Amino acid sequence: MNTEQMNMLVGKAILAREQSYCPYSNFAVGAALLTDHGTVYSGANIESASYTPTVCAERVAFFSAVHAGERNFSAIAIVGGKKDAPISSFTPPCGVCRQVMTEFCDKDFTILLCDGSEIRSYTLGELFPESFGSDKLR
């Protein structure tokens, strides 16, 4: 993935973050998921007063893409931080989101994190080395 593609994907995650519904944590997260053929699906975190139904931005993006029939993904960009404040730290995906990524992506799937000035690139295998996937059920 080249710098221009990384910047484009992070930019779409930043735009997605603006749609966050986070009245309880005041922590807004945006994600932009790139399919193998170039379509981008975005998502923002959506909170609930009872907390457990809260859905992370990454899962919103994945579930939107899967609902649209997509199954092949190459990268996701994730940004987060206090609502109405500039992005100032890296926001890695939670364990549940990493598990969802494992369902649909190989270990070389790219995860981009941005702190507002620097973009870091990881693979799913680096962030979730001992994952449980469908291969364990065979």
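## A walk through the fold

Let us start at Q5, which sits in helix α1; helices (H or I, at least four residues) and strands (E, at least two) are DSSP runs, numbered from the N terminus. Q5 counts as partly exposed because its relative accessibility is 35%, where buried means under 20% relative accessible area, exposed over 50%, and partly exposed in between (1.4 Å probe, protein chains only). The C-alpha atoms of Q5 and L34 are 9.9 Å apart, although 29 residues separate the two along the chain.

A word on what you are looking at. This is a predicted model, in which local features need pLDDT of at least 70 and side-chain atom pairs count only at pLDDT 80 or more, while totals for chains, interfaces and linings use all residues. Residues are numbered from 1 along each chain as its sequence is written, and side-chain values use heavy atoms, with hydrogens and water left out.

Now turn to the sheet. It is open, has 5 strands in the order β2-β1-β3-β4-β5, and its pairing is mixed; two strands pair if DSSP finds at least two bridges between them. At the edges lie β2 (40–44) and β5 (119–123), each of which pairs on one side only. On average, neighbouring strands of this sheet are turned by 20° against each other, direction ignored. Such angles run from 0 to 180 degrees between N-to-C directions, with axes taken as lines fitted to C-alpha atoms, for helices over the stretch in contact.

Begin at the β2 edge. Here β1 and β2 pair in the antiparallel sense over 5 bridges, and A31 has G43 of β2 as its bridge partner. The two strands form a hairpin with 4 residues between them, and G38 in the turn has a positive phi of about 100°. At the β5 edge, strand β4 (residues 110–114) pairs with β5, again in the antiparallel sense and over 5 bridges. There, I111 has Y122 in β5 as its bridge partner.

What lies across the sheet strands β1, β2 and β3? Helix α2 (residues 57–67) does, lying across β1 (27–35), β2 and β3 (73–82) and running at about 140° to β2. Helix α2 is mostly covered, with 8 of its 11 residues buried. The buried residues are A57, E58, R59, V60, A61, F62, A65 and V66. Their cover includes β1, β2, β3 and α3 (95–104), where contact means heavy atoms within 4.5 Å. Just after α2, G69 takes a positive phi of about 100°.

Next, visit the loop between α1 and β1, where S20 has its place. Is S20 buried or exposed? S20 is buried, because its relative accessible area is 8%. Not counting residues up to four places away in sequence, S20 touches F27, A28, V29, A44, N45 and K83.

Y24 lies in the loop between α1 (3–17) and β1. Y24 counts as partly exposed because its relative accessibility is 39%. Together, Y21, Y24, I46 and Y51 make a nonpolar surface patch of about 440 Å². Patches are made of residues with over 30% relative accessible area and no salt bridge, with like charges joined within 9 Å and nonpolar side chains (Val, Leu, Ile, Met, Phe, Trp, Tyr) within 5 Å. The accessible areas come from the Shrake-Rupley method with a 1.4 Å probe, and for residues only the protein chains shown count as cover.

Another loop, between β3 and α3, holds S89. S89 is partly exposed because its relative accessibility is 35%. Leaving aside neighbours within four places in sequence, S89 is in contact with G80, C114 and D115. The C-alpha atoms of S89 and G116 are separated by 7.2 Å, with these positions 27 residues apart along the chain count.

Finally, consider charge. Side chains of opposite charge can pair when their charged atoms come close. With a salt bridge taken as a side-chain nitrogen of Lys or Arg within 4 Å of a carboxyl oxygen of Asp or Glu, the count comes to 2 salt bridges. In one, the side chains of R120 and E118 meet at 3.4 Å, N to O. R120 is partly exposed because its relative accessible area is 34%, and E118 is partly exposed at 37%. In the other, the side chains of D135 and K136 meet at 3.5 Å, N to O. D135 is partly exposed because its relative accessible area is 45%, and K136 is partly exposed at 47%.
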